[in-house]
Amino acid sequence: MNIINICLIAIIGVITSVIIKGHKQEFSILVILALSLLFLGWMLEVFGEMQQQFRVITEELEQNKSFYKILFKIMGITYICEFSSGICKDAGYSSISSQIEIIGKMLVLLSGIPILVSVIETIKNYKI
């Protein structure tokens, strides 16, 4: 699916939601939720393609494959948190949205610690 189609579907969904919001706000939230789930499905397809491309790259390099796993874990955390946060904001729960974003940032930091440790070990082992 190309980006123009995705953006058009998003615009149509948002306009539909705004029109419905004037009559029944709860149905408006359902339209946005359905649209978000549709985008989640497309994002999972793109994520699968990216994973396949990174596998090819890591097989060629034959280096530390744990970085590959960490990268995809971080990408997954980021997308899930953004997705959930956006739904909470649309529903009017910005405080919950902010908490999801903070937890996501903490998890990304935690997931990146092995990379930091590897960099520190490389620096320590470097001899002039």
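Helix H3 covers residues 66-90 of the predicted model. At 1.5 Å a residue, its 25 residues should span 36 Å, and the end C-alpha atoms are 36 Å apart, so the expected and modelled lengths agree. Ten positions need not be taken one by one: the buried residues of H3 are Tyr68, Ile70, Phe72, Ile74, Gly76, Ile77, Cys81, Phe83, Ser85 and Cys88. After H3 comes Gly92, which has a positive phi, near 95°.The chain as a whole contains four helices and zero strands. Read from the N terminus, the order of elements is α-α-α-α. The radius of gyration of the chain is 20 Å, whereas a compact globule of 128 residues would have a value near 14 Å. Along the principal axes, the C-alpha atoms occupy a box of roughly 70 × 35 × 20 Å. Buried residues account for 17% of the 128 residues. The accessible surface amounts to about 9,700 Å², and carbon and sulfur atoms contribute 68% of that area. Of the contacts between residues at least 6 apart in sequence, 51% link residues at least 24 apart.

The salt bridges in the model number two. One of them pairs Lys89 with Glu101, with the closest N and O atoms 3.3 Å apart. Lys89 belongs to helix H3 and Glu101 to helix H4, so this pair ties together parts of the chain that are twelve residues apart in sequence. Both partners fall between the limits of 20% and 50% that separate buried from exposed residues: Lys89 is partly exposed because its relative accessibility is 47%, and Glu101 is partly exposed because its relative accessibility is 23%.

A salt bridge is also formed by Lys24 and Glu26, where the closest N and O atoms are 4.0 Å apart. Lys24 has a relative accessible area of 41% and is therefore partly exposed. Glu26, at 47% relative accessibility, is likewise counted as partly exposed.

Helix H4 spans residues 94-125 and includes Ile113. Ile113 contributes to a nonpolar surface patch of about 420 Å², together with Ile103, Leu107, Leu110 and Val117. The relative accessible area of Ile113 is 39%, so this residue is classed as partly exposed. A patch residue must have over 30% relative accessible area, and the 39% of Ile113 satisfies that requirement.

Ser118 is also located in helix H4. With a relative accessible area of 23%, Ser118 is partly exposed. Between Ser118 and Lys105 there are 21 Å in space, C-alpha to C-alpha, for a separation of 13 residues in sequence.

Another serine, Ser17, lies in helix H1, which covers residues 3-21. Ser17 has 6% relative accessibility and therefore counts as buried, the limit for that class being under 20%. When residues up to four places away in sequence are not counted, Ser17 is in contact with Ser28, Val31 and Ile32.

How values were computed: Residues numbered from 1 in each chain as written. Predicted model: local features only at pLDDT ≥ 70, side-chain atom pairs only at ≥ 80, totals over all residues. Heavy atoms only, no water. Patch = residues over 30% accessible without salt bridge, like charges linked within 9 Å, V, L, I, M, F, W, Y side chains within 5 Å. Areas by Shrake-Rupley, 256 points an atom, 1.4 Å probe, with all protein chains shown as cover. Salt bridge = Lys/Arg side-chain N within 4 Å of Asp/Glu carboxyl O. Helix = DSSP H or I, 4+ residues; strand = E, 2+ residues; numbered from the N terminus. Buried < 20%, exposed > 50% of the residue type's maximum accessible area, 1.4 Å probe, protein only. Contact = heavy atoms within 4.5 Å. Rg over C-alpha atoms; globule rule 2.2 N^0.38 Å. Expected span 1.5 Å × (residues − 1).
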